[in-house]
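Student: Please take one part of this model and describe it closely, then follow its links to the surroundings. A plain account is enough.

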Amino acid sequence: MTHGFETLAIHAGQEPDPATGAVVPPIFQTSTYAQDAVGHPRRGYEYSRTTNPTRDALQECLAAIEGGRRALAFASGLAAEDTLLRTVCRPGDHVVIPDDAYGGTYRLFAKVAERWGLEFTPASIHSVDAVRAAMTDRTKIVWLETPTNPLLGIADIAALAQVAHDRDALLVVDNTFASPYLQQPLHLGADVVVHSTTKYIGGHSDVVGGALVGDDEELLGRLAFHQNAMGAVSGPFDAWLTMRGIKTLGVRMDRHCDNAEKVVEFLSRHKAVRQVLYPGLPEHHGHEIAAKQMRRFGGMVSFRAAGGEEAAVEICNRAKLFVLGESLGGVESLIEHPGRMTHASAAGSPLEVPGDLVRLSVGIETIDDLLADLEQALAR
């Protein structure tokens, strides 16, 4: 029987506890398990780094809502990324990454993986030809974010999946900004989906986590081996919090999108704003592709301040209801200056972001209150 997204979010992996009937799955806060005999662990559980019932429930739910066969839950999004890279790649291999990527992802490639011998090339993911040109005979992965962080660029997932597969490379899509509710890259040809579950999936700014989701059983088996061997797994309480967040993901994302659309409308006509970056705008260079592969356009909005970098910093500092802070995707609205905050590690690199850029994570508060806060923050 096929179920809708919201039904899967609430029920997948979360059947009532068989022992007590508890509707919410219990938190198995344990490191080890009593075994029935030597070599005969009960229901396969030996040690919680390897498997834990609460994490298993989360993984089943993540796979269901992302439309994959299997998911793996990690301690953070970067832990998931690192495990993926070291599973698929070897020293001397090559990866194509976006020239507009999350600063932490760039730092992982430039400061960690490159020292291990993994080469990478930034390319414009807006152009199929640019990605194709950046590939080499040693390219193992084409890595996408769509929308990108923080410039909200859009990649054509289906077209780039074909480009990657033509060269026997994997297409990896970081789906954090969209969430599985708005976009499902596996259905468009992606091989692995990456999430920072800290963001929209968790949704309440109270838990850090990451995930990998895919369809290829052989690849997921290798990833699961490395998940256990490397050990950066989601703890049971973090897994439980993340499942709690998933239950309301659909209704939250609709409200995030509603509010973001009104924020974009407000910013687009404000004299202190030079440019609004949002894939829902018809003039956005990726608008048609986003409309084709996304349910809606998301809750992230970036804009460039007319007064330059110092004006952008002051806007961030003057905001009150929009909390000045890193991260995104929680129920509360956040504002940040990417160049000096989340993307400071990309300064001086091809991924350096404009100094006049402000990034908003639009929350689910009363929209009139959010607009009033932006009005006073933008006032000179």
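Tutor: In this predicted model, helix 2 is mostly covered, with 11 of its 14 residues buried. The helix runs over residues 53-66. From its first C-alpha to its last it reaches 20 Å, close to the 20 Å expected at 1.5 Å a residue.

The buried set begins with Pro53, Thr54 and Arg55. Ala57, Leu58 and Gln59 also belong to it, as do Cys61, Leu62 and Ala63, and it ends with Ile65 and Glu66. An α-helix has 3.6 residues a turn, so residues three or four places apart point the same way.

Glu60, also in helix 2, counts as partly exposed because its relative accessibility is 44%, and the limits for that class are 20% and 50%. Leaving aside residues up to four places away in sequence, Glu60 touches Ala12, Gly13 and Glu15. Gly231, by contrast, is 171 residues from Glu60 in sequence, and the two C-alpha atoms are 19 Å apart.

Both ends of the helix have local features. At the N-terminal end, Asn52 acts as the cap: one of its side-chain oxygens lies 2.8 Å from the backbone nitrogen of Thr54. After the other end comes Gly67, with a positive phi near 75 degrees.

The loop that leads from strand 2 (40-41) to helix 2 contains Arg43. Arg43 is not a glycine, yet its phi is positive, about 55 degrees. Most residues other than glycine have a negative phi, and most peptide bonds are trans. Arg43 is exposed, because its relative accessible area is 73% and the class starts over 50%.

Arg43 and the helix residue Pro53 also meet in the description of the largest pocket. This pocket has a volume of about 580 Å³. Its lining has 20 residues, and those closest to its centre are Asp17, Phe28, Arg43, Tyr45 and Pro53. By class, the lining consists of 11 nonpolar, three polar and six charged residues.

At the other end of helix 2, Glu66 leads to strand 8. The side chains of Glu66 and His195 make a polar contact at 2.6 Å. His195 is in strand 8, which covers residues 192-195. His195 counts as buried because its relative accessibility is 2%, and buried means under 20%. Apart from residues up to four places away in sequence, the contacts of His195 include Glu66, Gly77, Asn175 and Thr176. Ser179, Pro180 and Ile201 are also among them, together with Gly209, Gly210 and Ala211.

Beyond strand 8, the loop to strand 9 (210-214) holds Ser205. Ser205 is another non-glycine residue with a positive phi, about 55 degrees. Its relative accessible area is 47%, so Ser205 is partly exposed.

Strand 8 leads in turn to the second largest pocket, a space of about 400 Å³. Helix 3 (77-88), helix 4 (103-116) and strand 8 each supply at least two residues of its lining. Helix 4 gives the most, with four residues. The lining has 27 residues in total, and Tyr102, Asn149, Ser196, Lys199 and Leu328 lie nearest the centre. In this lining, eight residues are nonpolar, 12 are polar and seven are charged.

Asn149, one of those nearest the centre of the second largest pocket, is joined to Pro150 by a cis peptide bond with omega of about 15 degrees. Pro150 lies in the loop between strand 6 and helix 6. That loop, from strand 6 (139-145) to helix 6 (157-166), also contains Pro147. The bond between Thr146 and Pro147 is cis too, with omega of about -5 degrees.

One further proline has a link to strand 6. Pro98 is in strand 4 (residues 94-98) and is buried, with a relative accessible area of 0%. Excluding residues up to four places away in sequence, its contacts include Trp143, Leu144 and Glu145, and strand 6 covers 139-145. Pro98 also touches Pro122, Ala123, Ile125 and Leu351.

Key. Residues numbered from 1 in each chain as written. Predicted model: local features only at pLDDT ≥ 70, side-chain atom pairs only at ≥ 80, totals over all residues. Heavy atoms only, no water. Expected span 1.5 Å × (residues − 1). Buried < 20%, exposed > 50% of the residue type's maximum accessible area, 1.4 Å probe, protein only. Polar contact = N/O pair within 3.5 Å; in protein donor to acceptor, adjacent residues only side chain to side chain. Contact = heavy atoms within 4.5 Å. 1 Å grid on protein atoms, 1.4 Å probe; cavity = no way out; pocket = protein on both sides within 12 Å on 5 of 7 lines; lining within 4 Å. Points joined across faces, edges and corners; volume = space filled by probe spheres on them. Nonpolar A, V, L, I, M, F, W, Y, C, P; charged D, E, K, R; others polar.
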